[in-house]
Protein chains: 2
Amino acid sequence: MVFNTNRVKRIITMTSKKESTQSTEERLCPMPQIAKLIGGKWKLVVLQILIFHGTHRFNELRRKIEGITQAMLTNQLRALEEDGLISRKIYAEVPPRVEYSATQKAMDLNEMFEEMHRWWVKYEG
Amino acid sequence: MVFNTNRVKRIITMTSKKESTQSTEERLCPMPQIAKLIGGKWKLVVLQILIFHGTHRFNELRRKIEGITQAMLTNQLRALEEDGLISRKIYAEVPPRVEYSATQKAMDLNEMFEEMHRWWVKYEG
DNA sequence: CAGAATCCTGTGCGATACTG
DNA sequence: CAGTATCGCACAGGATTCTG
């Protein structure tokens, strides 16, 4: 083991409220549920942009995310909004303007993104 | 912005090798590719177990991961092995024994898991 | 501009049965 | 014990068209 064993133990302890009947899947933080929040092909991309590059309009996102269709972007934005990860602000203008931005809940994912990024640079960059 | 802006700037700088033609998706670390490595319904679950709970045999994993089928577990383990995230050690015994463990590459994801876990506890725990 | 509404397709995922 | 081998479906993901 190269990583800090104490930190690992602490995490395992934190997560094991009941010792006996629960599966490992439950005692650790439940990845399937996390996958629902940030899984899929686009959610991490959208979050990354909104977290690190600030508020964007719909078509700004669309242009920045190569390969995504309008429908998919709409879907992902709706899902993210439902999960409280992004906020949607509509301006009563003509032409209509809608701005998307990361909520605090999403902002707090930035540390995770940083770790993910360091890891990526180390092994795939 | 609540989070540390300097760190954010540093990350953006780190990732932008070419400024001009590349999409944001490419200038930041490419989430679609990361999703290929650790995405899907089971990979994070398997990795979490192997990283934080050490080496496991096939059926040990199977028992710990509620709801997974043999076929799926095999698939995910093969994929993870191909990506260099887990190692597979076969013992020439009867009955056969195969042990799976996290590689260093996977071990280095533990910080990301920790951040993910802190976030989960804060918002969903 | 920012979508809604359709329709369509690939494949992620799973159930089941069989094997060295 | 630790797998393969099939089969099949639901659903994520996508192309296209229409609208306030």
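1. In chain A, the stretch of residues 29–125 has its end C-alpha atoms 29 Å apart, and this span is 59% helix and 14% strand, where helices (H or I, at least four residues) and strands (E, at least two) are DSSP runs numbered from the N terminus. The UniProt record, an unreviewed entry, annotates residues 29–125 of chain A as "domain: HTH hxlR-type"; UniProt positions are given here in the numbering used for this model, feature names are shortened, and such annotations may be inferred rather than shown by experiment.

2. A word on the basis of this note: this is a predicted model, in which local features need pLDDT of at least 70 and side-chain atom pairs count only at pLDDT 80 or more, while totals for chains, interfaces and linings use all residues. Residues are numbered from 1 along each chain as its sequence is written, chains are lettered from A and ligands numbered from 1 in the order in which they are written, and side-chain values use heavy atoms, with hydrogens and water left out.

3. Chain A has an open sheet of three strands in the order 1-3-2, with antiparallel pairing; two strands are said to pair if DSSP finds at least two bridges between them. At the edges are strand 1 (56–57) and strand 2 (86–91) of chain A, each of which pairs on one side only. Strand 1 of chain A is joined to strand 3 of chain A by two bridges, and in this antiparallel pair Arg57(A) stands opposite Glu99(A).

4. The other pairing in this sheet is between strand 2 and strand 3 of chain A, which run antiparallel and are joined by six bridges. Here Ile86(A) is opposite Ala102(A) of strand 3, and the two strands form a hairpin with five residues between them. As background for reading such strands, side chains in a regular strand alternate between the two faces of the sheet.

5. Which helix of chain A touches strand 1, strand 2 and strand 3? Helix 4 (residues 43–53) of chain A packs on the sheet and touches these three strands, and its direction makes about 85° with that of strand 3; contact means heavy atoms within 4.5 Å, and the axes are lines fitted to C-alpha atoms, for helices over the stretch in contact, with angles running from 0 to 180 degrees between N-to-C directions. Helix 6 of chain A, by its own path, lies across strand 2 and strand 3 of chain A and runs at about 115° to strand 2.

6. In chain B, three strands form an open sheet in the order 1-3-2, with antiparallel pairing. Strand 1 (56–57) and strand 2 (86–91) of chain B are at the edges with a single partner strand each, so one side of each has no neighbour in the sheet. Arg57(B) stands opposite Glu99(B) in strand 3 of chain B, and helix 4 (residues 43–53) of chain B packs on the sheet at about 85° to the direction of strand 3. Helix 6 of chain B lies across strand 2 and strand 3, at about 115° to strand 2.

7. Turning to the DNA, there are 20 residues around strand C, of which Arg57(A), Arg88(A), Tyr100(A), Trp42(B) and Thr69(B) come nearest; a residue is near a molecule or strand if one of its heavy atoms lies within 4 Å of it. Among these residues, ten are nonpolar, six polar and four charged, with Ala, Val, Leu, Ile, Met, Phe, Trp, Tyr, Cys and Pro counted as nonpolar, Asp, Glu, Lys and Arg as charged, and the others, Gly among them, as polar. Helix 6 of chain A gives the largest share of this surface, four residues.

8. Which part of DNA strand C faces the protein, sugar and phosphate or bases? Of its atoms within 4 Å of the protein, 74% belong to sugar or phosphate and the rest to bases. An N or O atom in the side chain of Tyr100(A) is 2.4 Å from a phosphate oxygen of DNA strand C, and one in the side chain of Arg78(A) is 3.1 Å from a phosphate oxygen of that strand.

9. DNA strand D is surrounded by 21 residues, the closest being Lys41(A), Arg57(B), Arg78(B), Arg88(B) and Tyr100(B). Sugar and phosphate make up 75% of the strand D atoms that come within 4 Å of the protein. The side chains of Arg78(B) and Tyr100(B) each place an N or O atom 2.6 Å from a phosphate oxygen of DNA strand D.

Methods. A polar contact is a pair of N or O atoms within 3.5 Å; within protein, one must be able to donate a hydrogen and the other to accept it, and residues adjacent in sequence count only if both atoms are side-chain atoms.
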